Amino acid sequence: MSDSRSALYELTLARTRDFLRTGEALFWVFAFPILMALALGFAFREKPPERIPIGVVEGPRSAQIIEQLSASRALLPRLYPAEQGREALRTGRVSLLVSGTDDLSFVFDPSRPDSRIARLEAETALQTAAGRKDPLPIVEEEMREPGARYIDFLLPGLIGMNLMGTGMWAVGFSIVTARQRKLLKRLVATPMRKSDYLLSQMLSRLVFLVAEVVAIVGFGWLVFDVAVRGSFLLLAVTCLLGALAFTGLGLLVASRSETVEGVSGLMNFVMLPMWLLSGVFFSADRFPDAFQPFIRVLPLTALNDALRAVMNEARPLGDITTELVILAGWTIGSFFVALRIFRWR
């Protein structure tokens with residue numbers, strides 16, 4: 001084995017052993033994403049749709065109106081005096097206020113989606129009770145199959161978020177802690193190259209990648225029946241590129257940082273936009289169109305989109321080429337910039 005390969009091997013081995021000695025790091029890599037998947041999976045588990053609370057103003061016909069509205073599976077009517085009903089609507093306790101005798105009155109806020117839905121459901125229930133018949137019959141089909149649930153959307157996002165967090169924090173803290181302890185200063189006197197040290201940080205991160213992803217995917221499959229519909233090989237390649245991209249960003253952020261507090265601030269500055277914009281807990285398409293070009297080039301967005309395409313939609317390699325190219329670009333670009341600006345002291 002050449003001196004260069006020997007140095008890279010020994011550095012990678014030392015970094016891996018250092019990681020295994022840190023219980024906190026093992027918790028964040030393996031336990032935290034599973035606990036989050038468990039909590040959110042049960043919070044958004046399959047259950048009957050919640051009925052929308054609406055108010056009915058007390059009056060001669062209020063009992064009849066409540067009976068007719070109760071026929072709707074989407075509405076939960078409640079009786080209120082007139083002033084209390086308006087107050088309940090204003091404060092959001094009900095989504096619609098129904099009143100009237102011969103002519104009915106609907107009071108609602110059109111800017112609230114639940115109010116618009118309640119208004120349509122209430123009109124349908126009352127008009128049907130009055131004898132209205134729809135000339136065009138509609139057949140309803142409820143989608144409850146795996147792949148369409150919130151947990152199916154959530155789990156790939158948690159994998160992406162975990163690869164980002166562990167990749168950046170593990171590498172960033174390791175380098176800055178070594179710099180604070182003057183360990184990097186001692187390495188300057190050795191024949192080891194800067195590239196060997198940085199590559200060892202990336203390779204040691206990959207040692208735990210398989211176990212990390214298998215733990216999350218296996219937990220989702222055992223507890224929530226979340227299946228991988230696409231290629232396992234393509235899933236592995238996607239996770240590998242994602243881990244490398246965020247490890248490279250961790251190297252870049254830690255290249256000049258001298259304190260743990262400093263690198264923590266930079267890490268949060270880099271990761272916060274991706275936590276918010278990259279579609280971990282809800283789709284990135286919810287943001288305005290003007291934001292989309294910026295959102296789409298973020299590495300976490302590319303990783304989450306690729307993971308969901310493989311896991312939930314069984315997409316082939318050709319359909320996620322753009323996302324993989326983005327991840328590869330972040331990996332190569334961040335590593336070479338980090339290599340150029342890295343300093344030992």
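Buried, in these notes, means under 20% relative accessible area. I'm keeping that cut-off at hand because the model is a predicted one and I want to see how strand 1 sits in it.

**Entry 1: strand 1.** I went through strand 1 residue by residue: 5 of its 6 residues fall under the cut-off, so the strand is largely enclosed by the rest of the structure. For the whole chain, I get 42% of the 345 residues as buried.

**Entry 2: the sheet.** How many strands does the open sheet have, and in what order? I find 4, ordered 2-1-3-4, and the pairing is mixed. Strand 2 (75-80) and strand 4 (104-107) each have a single partner strand, so they stand at the edges with one side lacking a neighbour in the sheet. From one strand to the next, the twist averages 25 degrees.

I then looked at how strand 1 (residues 52-57) meets strand 2: the two run parallel and pair over 6 bridges. Two positions I noted down for the register: Ile 54 is opposite Pro 77, and Val 56 is opposite Leu 79. A reminder to myself for reading this part: side chains in a regular strand alternate between the two faces of the sheet.

**Entry 3: helices over the sheet.** Which strands does helix 3 lie across? Helix 3 (residues 62-69) crosses strand 1, strand 2, strand 3 (97-100) and strand 4, and its angle to strand 1 is about 160 degrees. Helix 4 (residues 82-90) also lies across strands 1, 2, 3 and 4, running at about 140 degrees to strand 2. In total I count 14 helices and 4 strands in the chain.

**Entry 4: Leu 104.** I picked this residue in edge strand 4. Is Leu 104 buried or exposed? Neither quite: with a relative accessible area of 35%, it is partly exposed. Leaving out residues up to four places away in sequence, Leu 104 touches Arg 61, Ile 65, Ser 99 and Leu 126. Arg 61 is 43 residues away in sequence, and the C-alpha atoms of the pair are 10.0 Å apart. On the chain level, of the contacts with a separation of 6 or more, 73% join residues 24 or more positions apart.

**Entry 5: salt bridges.** My search of the whole structure turned up 6. In helix 4, Glu 87 and Arg 90 sit 3 residues apart, about one turn, and their closest N and O atoms are 2.6 Å apart. Glu 87 is partly exposed at 34% relative accessibility, while Arg 90 is exposed at 62%.

Asp 305 and Arg 296 make another bridge, at 2.7 Å from N to O. I get partly exposed for both, with 26% for Asp 305 and 28% for Arg 296. These two also belong to a salt-bridge network that takes in Asp 285. One more pair I checked is Arg 315 with Glu 313, 2.6 Å from N to O; Arg 315 is partly exposed at 34%, and so is Glu 313 at 44%.

**Entry 6: surface.** The chain exposes about 18,900 Å², with 62% of that from carbon and sulfur atoms. I then looked for a nonpolar patch and found one of about 500 Å², made by Leu 35, Leu 38, Trp 221, Leu 222 and Val 223. Helix 2 (23-43) and helix 9 (209-224) are the elements giving two or more residues to the patch, and helix 9 gives the most, with 3. Leu 222 lies in helix 9 and counts as exposed, at 66% relative accessibility.

Definitions and conventions: Residues numbered from 1 in each chain as written. Predicted model: local features only at pLDDT ≥ 70, side-chain atom pairs only at ≥ 80, totals over all residues. Heavy atoms only, no water. Pairing = 2+ DSSP bridges. Axes fitted to C-alpha atoms, helices over the stretch in contact; angles between N-to-C directions. Contact = heavy atoms within 4.5 Å. Patch = residues over 30% accessible without salt bridge, like charges linked within 9 Å, V, L, I, M, F, W, Y side chains within 5 Å. Areas by Shrake-Rupley, 256 points an atom, 1.4 Å probe, with all protein chains shown as cover. Salt bridge = Lys/Arg side-chain N within 4 Å of Asp/Glu carboxyl O. Buried < 20%, exposed > 50% of the residue type's maximum accessible area, 1.4 Å probe, protein only.
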